[in-house]
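User: I'd like a close look at one part of this model, the largest pocket. Could you walk me through what lines the largest pocket and how the surrounding helices are put together?

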Amino acid sequence: MSHSILWSLVLALHLICIVVWIGGGAYAAIILRPSLNLLDTTQRNSVHLQTLNRFFKMLTHVVPTALITGWLMIIHEGGFTAAPWTTNVMQGLGLIMALLFVRVMMGPYQKVRRAIRPQPATFDSIRKQVLVIVALGVLTILAASMGHPFA
């Protein structure tokens with residue numbers, strides 16, 4: 001396998017992870033959550049919990065993969081000290097997003113998962129925090145775009 005093909009695959013894996021992370025968060029917070037209001041409370045809680053469970057399980061693989069592939073590409077391109085400011089912005093925002101994901105998963109998600117009757121306020125807290133992660137993801141994508149040299 002050619003060296004450039006390998007790094008193209010690393011970049012593709014990185015981008016797929018970002019798409020799943022940001023796209024999944026946008027879907028969950030902007031499309032799914034409001035649509036669940038059509039269901040009665042028991043059904044709404046059940047669907048919401050099952051959806052969050054699947055999404056967060058996937059993110060436990062996607063988030064570390066996104067961070068690791070990003071760091072591998074930084075190292076490949078000369079290391080952390082040689083990285084342009086846009087790459088450092090991407091890295092910083094990605095770390096903040098990862099920490100926020102861990103916070104949501106270990107905090108309100110565990111609370112709602114363990115509750116006999118989950119409270120709507122806890123689901124709203126999860127939604128708001130996911131929206132913050134999505135917003136940071138959009139800023140990260142903007143930083144990535146700014147760092148791309150178009151000739």
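Analyst: First, what counts as a pocket here: on a 1 Å grid over the protein atoms alone, a cavity is a set of points where a 1.4 Å probe fits but cannot get out, while a pocket is an open set with protein on both sides within 12 Å along at least five of seven lines, and lining residues have an atom within 4 Å of a point. Points are joined across faces, edges and corners, and the volume is the space filled by probe spheres set on them. By that reckoning, the largest pocket holds about 950 Å³ of space. It is lined by 30 residues, and those closest to its centre are Leu11, His14, Met73, Met90 and Ala144. Two or more lining residues come from each of helix H1 (3–35), helix H2 (41–76), helix H3 (85–106) and helix H5 (120–146). H1 gives the most, with 9 residues.

A word on provenance: this is a predicted model, where local features need pLDDT of at least 70 and side-chain atom pairs count only at pLDDT 80 or more, while totals for chains, interfaces and linings use all residues. Residues are numbered from 1 along each chain as its sequence is written, and side-chain values use heavy atoms, with hydrogens and water left out.

Back to the lining: it splits into 19 nonpolar, 10 polar and 1 charged residues (Ala, Val, Leu, Ile, Met, Phe, Trp, Tyr, Cys and Pro are nonpolar; Asp, Glu, Lys and Arg are charged; the others, Gly among them, are polar).

Now the helices. The chain has 5 helices and 0 strands (DSSP runs numbered from the N terminus: H or I of at least four residues for helices, E of at least two for strands). H1 and H2 pack at about 150°, axes 8 Å apart (axes are lines fitted to C-alpha atoms, for helices over the stretch in contact, with angles from 0 to 180 degrees between N-to-C directions). That makes H1 roughly antiparallel to H2 (under 35 degrees is roughly parallel, over 145 roughly antiparallel, 65 to 115 roughly perpendicular, the rest oblique). Their contact involves 17 nonpolar, 10 polar and 2 charged residues.

H2 and H3 pack at about 160° with axes 11 Å apart, and are therefore roughly antiparallel too. For H3 and H5, the axes come within 9 Å and cross at roughly 165°, which makes H3 roughly antiparallel to H5.

One more link ties in H1 and H5. The whole structure has 1 salt bridge, meaning a side-chain nitrogen of Lys or Arg within 4 Å of a carboxyl oxygen of Asp or Glu. The partners are aspartate 124 and arginine 33, at 2.9 Å, N to O. Aspartate 124 sits in helix H5 and arginine 33 in helix H1, 91 residues apart, so the pair links distant parts of the chain.
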